[in-house]
Amino acid sequence: MRRGNVVSLVGILVVAAGLLALTFVSGNSPLLGLDLQGGASVVLQPAVEVESDTLDQSIEIIRNRVDALGVAEPDITRQGDSIVVQLPGIKDQKRALDIVGQTAELRFRPVLNRLPPRTKEEGEAAQGGTTTTTAAPTTTVPATTTTAKGASTTTEKTTTTTTTPESRLAPCEISLDLRAQDVADQPVVLPECDEKQEREVARYELGPTALTGKALKSARAEFQSEWLVSIEFTSEGGKQFDALAAQYVGRQVAIVLDSRVISAPVIQQANFGGKAVITGSGEQGEAKDLALVLKYGALPVQLEPQTVQTVSATLGKDSLRAGVIAGLVGLALVALYMVVYYRLLGLVVWFGVAVSAALLWSIISYLGDANGLALTLAGATGIIVSIGVTVDSYVVYFERLKDELQSGRTLRSTVDRSFSRAYRTILAADTVSFIGAALLYFLTVGPVRGFAFFLGLSTLLDVIVAWFFTRPVVAMLANNRLFTRSQWLGVTRGVGMAPALAPGGGGS
């Protein structure tokens with residue numbers, strides 16, 4: 001066996017084993033996508049036609065919202081004029097989708113009058129085009145005012161309770177008619193919803209928009225004896241908010257997003273100096289949600305959810321289990337067939353696939369940790385399909401080797417010749433597969449793109465493993481009598497050759 005073959009074989013084995021060991025030591029593993037670990041996804045589309053730059057800006061704002069939610073490796077992509085948001089592994093799926101789906105412009109509107117929530121009957125009557133004046137009695141409970149560190153003054157959030165049983169309250173549904181009425185420079189009556197965004201808890205008659213979310217520089221939830229939201233305005237936004245505060249001091253100003261009143265704090269002072277806090281923001285989750293809405297609420301265009309999909313963790317595990325079982329069964333059948341048909345050469349296939357698997361596992365784990373690459377069910381399918389591509393490479397080589405032996409050449413003399421000719425065929429076939437995978441990757445999005453990436457990666461590894469593992473291993477085995485002449489494993493026996501065709505041309 002030539003020295004170059006030894007170096008190639010040892011090199012790829014060291015690299016594969018080293019990367020795999022490093023992966024396990026670092027605790028990395030492939031990052032699973034939404035369909036394999038559960039989660040949620042939503043497709044958002046602009047309400048009107050917009051330019052590409054506007055849509056890209058919206059994607060960045062949504063990405064900031066999702067990152068702030070703490071979602072592990074979200075997938076936010078553009079599909080034509082739509083935005084596809086996938087949140088794998090998210091536990092509170094409804095909360096996450098509510099925050100991501102809040103896509104309208106953030107607006108500050110003065111409260112002209114606070115109204116009680118509607119009952120179911122009133123809501124149904126309103127949808128039917130009739131009106132009613134009957135209203136459930138309400139009680140307003142002011143929250144305690146506190147001062148945030150570094151803020152010049154505070155606002156105070158009020159909460160509304162009602163004596164109407166929750167089961168009788170109208171659903172908090174924003175109709176298309178209500179959205180059409182929610183014009184920035186016109187007064188409007190908008191609802192406030194409960195924490196679950198299911199029922200109305202109040203309605204507000206609001207004046208025209210005084211300023212938008214563009215006036216905000218930052219917002220964050222803090223705990224200072226209670227949970228509160230600290231706000232910082234831009235230089236121009238601070239002036240605008242002070243002008244608003246001076247006009248409505250002692251009165252409520254509603255924070256509106258997506259035709260819903262998110263909060264309606266009471267203005268406590270006329271001058272804020274660019275900073276303020278909202279107290280009485282409830283528990284930690286409520287305060288953080290409000291801070292997220294304030295910080296990332298100003299989208300340049302209104303986006304409407306087209307499709308919403310949720311996948312439970314149980315369903316994700318079932319999909320993963322089914323994919324693993326399918327892959328293992330297919331691999332076992334292929335491995336058994338290769339050994340039966342090619343004898344000891346079939347074992348070469350086994351070890352070659354193992355080397356490819358070690359490299360693939362390490363690369364996917366690294367890309368998942370470093371770049372957020374998620375392995376989806378479609379990606380797993382691409383890997384399973386790539387097994388066929390890999391096995392095809394071995395078949396091409398082994399069949400070329402068989403043809404050379406049947407033509408009367410010795411095994412030792414034909415190993416390199418057969419590989420040289422077979423490798424050109426392998427390169428041509430893998431190049432076609434790689435080009436197809438590349439076109440799919442660049443021209444599609446979502447699951448198809450994942451399929452293409454993993455198919456292309458596996459195809460590239462097939463070329464590498466064929467050269468650095470398969471070629472030197474077969475060359476080494478060509479010098480082994482067990483490989484050439486064994487009754488059950490010998491290659492010459494497998495192709496029906498006489499003992500005279502064993503290495504060296506000696507007789508039996």
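## A buried glutamate and its surroundings

Glutamate 200 counts as buried, at 1% relative accessibility. This residue sits in strand β9, which covers residues 200–206. The model you are looking at is predicted, and glutamate 200 is a good place to start reading it.

What does the side chain of glutamate 200 meet? Its partner is the side chain of arginine 118, which it joins through a polar contact of 2.6 Å. Setting aside residues up to four places away in sequence, glutamate 200 touches Pro117, Arg118, Leu169, Ala170, Pro171, Cys172, Pro191, Glu192 and Cys193.

Now turn to another charged residue, arginine 109. You will find arginine 109 in strand β5, residues 107–115. Is arginine 109 buried or exposed? It is buried, because its relative accessibility is 0%, and the cut-off for that label is under 20%. The side chain of arginine 109 reaches two backbone oxygens: that of valine 183 at 2.6 Å, and that of glutamine 186 at 2.8 Å.

The distances for these two residues are gathered here.

| Side chain | Partner | Distance |
|---|---|---|
| Glutamate 200 | Arginine 118, side chain | 2.6 Å |
| Arginine 109 | Valine 183, backbone oxygen | 2.6 Å |
| Arginine 109 | Glutamine 186, backbone oxygen | 2.8 Å |

### The chain as a whole

Stepping back, the chain has 508 residues, and 46% of them count as buried. Its secondary structure comes to 15 helices and 18 strands. Among contacts between residues at least 6 apart in sequence, 74% join residues at least 24 apart. The chain exposes about 24400 Å², with carbon and sulfur atoms supplying 57% of that area.

Alanine 16 gives an example of parts far apart in sequence coming together. This alanine lies in helix α1, residues 3–26, and counts as buried at 5% relative accessibility. Which residues is alanine 16 in contact with, leaving aside its neighbours within four places in sequence? They are Val355, Ala358 and Leu359. The C-alpha atoms of alanine 16 and alanine 357 are separated by 8.9 Å, although the two residues are 341 apart along the chain.

### Helices α11 and α12

Helix α11 runs over residues 377–406, and its 30 residues reach 44 Å from first C-alpha to last, close to the 44 Å expected at 1.5 Å a residue. After α11 comes glycine 408, whose phi is positive, near 105 degrees.

Helix α12 covers residues 411–443. Its 33 residues reach 46 Å between the first and last C-alpha, close to the 48 Å expected. Which residues of α12 are buried? They are Leu411, Thr414, Val415, Ser418, Phe419, Ala422, Tyr423, Ile426, Asp430 and Ala437. In an α-helix there are 3.6 residues a turn, so residues three or four places apart point the same way.

### A nonpolar patch on the surface

Finally, look at the outside of the model. Phe434, Leu460, Ile464, Trp467 and Phe468 form a nonpolar patch on the surface, and together they have about 430 Å² of accessible area. Which helix gives the most to this patch? Helix α13, residues 447–477, does so with 4 residues. Leucine 460, one of the patch residues, is found in α13. With a relative accessible area of 44%, leucine 460 is partly exposed; the patch takes residues with over 30%.

Methods. Residues numbered from 1 in each chain as written. Predicted model: local features only at pLDDT ≥ 70, side-chain atom pairs only at ≥ 80, totals over all residues. Heavy atoms only, no water. Helix = DSSP H or I, 4+ residues; strand = E, 2+ residues; numbered from the N terminus. Buried < 20%, exposed > 50% of the residue type's maximum accessible area, 1.4 Å probe, protein only. Contact = heavy atoms within 4.5 Å. Areas by Shrake-Rupley, 256 points an atom, 1.4 Å probe, with all protein chains shown as cover. Expected span 1.5 Å × (residues − 1). Patch = residues over 30% accessible without salt bridge, like charges linked within 9 Å, V, L, I, M, F, W, Y side chains within 5 Å. Salt bridge = Lys/Arg side-chain N within 4 Å of Asp/Glu carboxyl O. Polar contact = N/O pair within 3.5 Å; in protein donor to acceptor, adjacent residues only side chain to side chain.
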